[in-house]
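Me: Could you walk me through this structure, with a few questions and answers along the way?

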Amino acid sequence: MAKEPVRVLVTGAAGQIGYALVPMIARGVMLGADQPVILHMLDIPPAAEALNGVKMELVDAAFPLLKGVVATTDVVEACTGVNIAVMVGGFPRKEGMERKDVMSKNVSIYKSQASALEKHAAANCKVLVVANPANTNALILKEFAPSIPEKNITCLTRLDHNRALGQISERLNVQVSDVKNVIIWGNHSSTQYPDVNHASVKTPAGEKPVRELVADDEWLNGEFITTVQQRGAAIIKARKFSSALSAASSACDHIRDWVLGTPEGTWVSMGVYSDGSYNVPTGLIYSFPVTCKNGEWSIVQGLSIDELSRKKLDLTAQELSEEKALAYSCLS
Ligand code: NAD
Ligand code: LMR
């Protein structure tokens, strides 16, 4: 019997990431090749015409899994009945804008959209925040949508996770699919900590630790980390726009693994509400290693944290605490 369609909201759908993401969802990349979807696309009135153009293209592409498209600038219509919400809408930083100006614009968007989701989304809606500052926007959304379970509100650090896999695969000249269990700790910002201490590579002789195969701690503790931390800025420098296809693809990876589960023995990185694991303060949305089963994520427990890692975990937590304080000062 054919499955019931799942309603997926994409905010900021007329933007760059939206344009890359909606065809992936309509093709089954996010929820599987047998899962029909109805796309809800939200943008703001100045982008209404462009949004309608995206809707026309979705119709023209004749995706067999796509059972309907709602394209709207009305947040209530956009949020009504959605099972999954991918929050991409927001303002990127422009020349001359201070960090606080961007924070102020975006957190107030996330405060108001929190209420719309809380009132109108389907029960148990899963939320992924992509728009920057992703962790803090997700935290604001959580705090202003108290009836949405905190486990249902997450932010995207899977792009950073995938970037780390990509760097290791290039360095070792191995398939990226043979590298696993890197970790992104903390903020989706340049203080994030890409950690390979528990990562491994599938080889003909079995699984080997990344540290053993790379055999260059100076690179792993230096250039590897800064390359992953600065990759977003490097893409902006090269393309003059921020990452879009990789962000869209990683958003699909995030939701797919959350809904359908992570493979046995493999974890991924997700920004989730801290429960104090690894002595990360509660009250922050922080990226942890997680496994997913039956539609629920769990933080991987019991990993050893060395002294260098401890400092890096604390540094990125500190930045998130400061962002949280700044966000609240913008809302007051
Ligand atoms: P973009 O400017 O191309 O698109 C953003 C869209 O959001 C625009 O169409 C805009 O009209 C819309 N928008 C603005 N306010 C809105 C609102 N209140 N409701 C609905 N839509 C609204 O930007 P983009 O390149 O698509 O990036 C989107 C966001 O994702 C940015 O904040 C960017 O920094 C962030 N990003 C995050 C990651 C990550 O890994 N977490 C990666 C790349 C980009
Ligand atoms: C990315 O990681 O590519 C983006 O978050 C970069 C940015 O600063 O918008």
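What follows is a short set of questions and answers on the two ligands, two residues and one helix.

Me: Before we start, what kind of model is this, and how is it numbered?
Reply: Residues are numbered from 1 along each chain as its sequence is written, while chains are lettered from A and ligands numbered from 1 in the order in which they are written. Side-chain values use heavy atoms, without hydrogens and water, and local features need pLDDT of at least 70, side-chain atom pairs count only at pLDDT 80 or more, and totals for chains, interfaces and linings use all residues, since this is a predicted model.

Me: At which residue does UniProt place the feature "active site"?
Reply: UniProt positions are given in the numbering used here, feature names are shortened, and annotations may be inferred rather than shown by experiment. The entry is unreviewed, and the residue that it gives for this feature is His188.

Me: Where does His188 lie, and is His188 buried, partly exposed or exposed?
Reply: His188 sits in the loop between β8 (183-185) and β9 (193-195); strands are DSSP runs (E, at least two residues) and helices are too (H or I, at least four), numbered from the N terminus. Buried means under 20% relative accessible area, exposed over 50%, and partly exposed in between, with a 1.4 Å probe and protein chains only. Because its relative accessible area is 22%, His188 is partly exposed.

Me: Which residues surround ligand 2?
Reply: A residue counts as near a molecule if one of its heavy atoms lies within 4 Å of it. By class, this shell has 1 nonpolar, 5 polar and 1 charged residues; Ala, Val, Leu, Ile, Met, Phe, Trp, Tyr, Cys and Pro count as nonpolar, Asp, Glu, Lys and Arg as charged, and the others, Gly among them, as polar. The residues are Asn132, Arg163, His188, Gly232, Ile236, Ser242 and Ser243.

Me: How much of ligand 2 does the protein bury?
Reply: In a polar contact, a pair of N or O atoms lies within 3.5 Å. The side chain of His188 has an N or O atom 2.7 Å from an oxygen atom of ligand 2, and a polar side-chain atom of Asn132 lies 2.9 Å from an oxygen atom of this ligand. Taken alone, ligand 2 exposes 270 Å² (Shrake-Rupley method, 1.4 Å probe), and the share that the protein buries is 71%.

Me: Which elements give two or more residues to the shell around ligand 1?
Reply: The shell of ligand 1 holds 23 residues, the closest being Gln16, Ile17, Asp43, Val130 and Asn132. A polar side-chain atom of Asn132 lies 2.7 Å from an oxygen atom of ligand 1. Taken alone this ligand exposes 870 Å², of which the protein buries 87%. The elements are α1 (16-26) and α4.

Me: How many residues of α1 are buried?
Reply: Ile17 is one of the buried residues of α1, and Leu21 and Met24 are also among them. The buried residues of this helix pack against elements including β1 (6-11), β2 (37-42) and α11 (245-260). The helix is mostly covered, and the count out of its 11 residues is 8.

Me: Is Asn124 buried or exposed?
Reply: Asn124 belongs to the loop between α4 (99-120) and β5 (126-129). Beyond its neighbours within four places in sequence, Asn124 is in contact (heavy atoms within 4.5 Å) with Asn83 and Asn152. Because its relative accessible area is 52%, Asn124 is exposed.

Note on methods: Polar contact = N/O pair within 3.5 Å; in protein donor to acceptor, adjacent residues only side chain to side chain.
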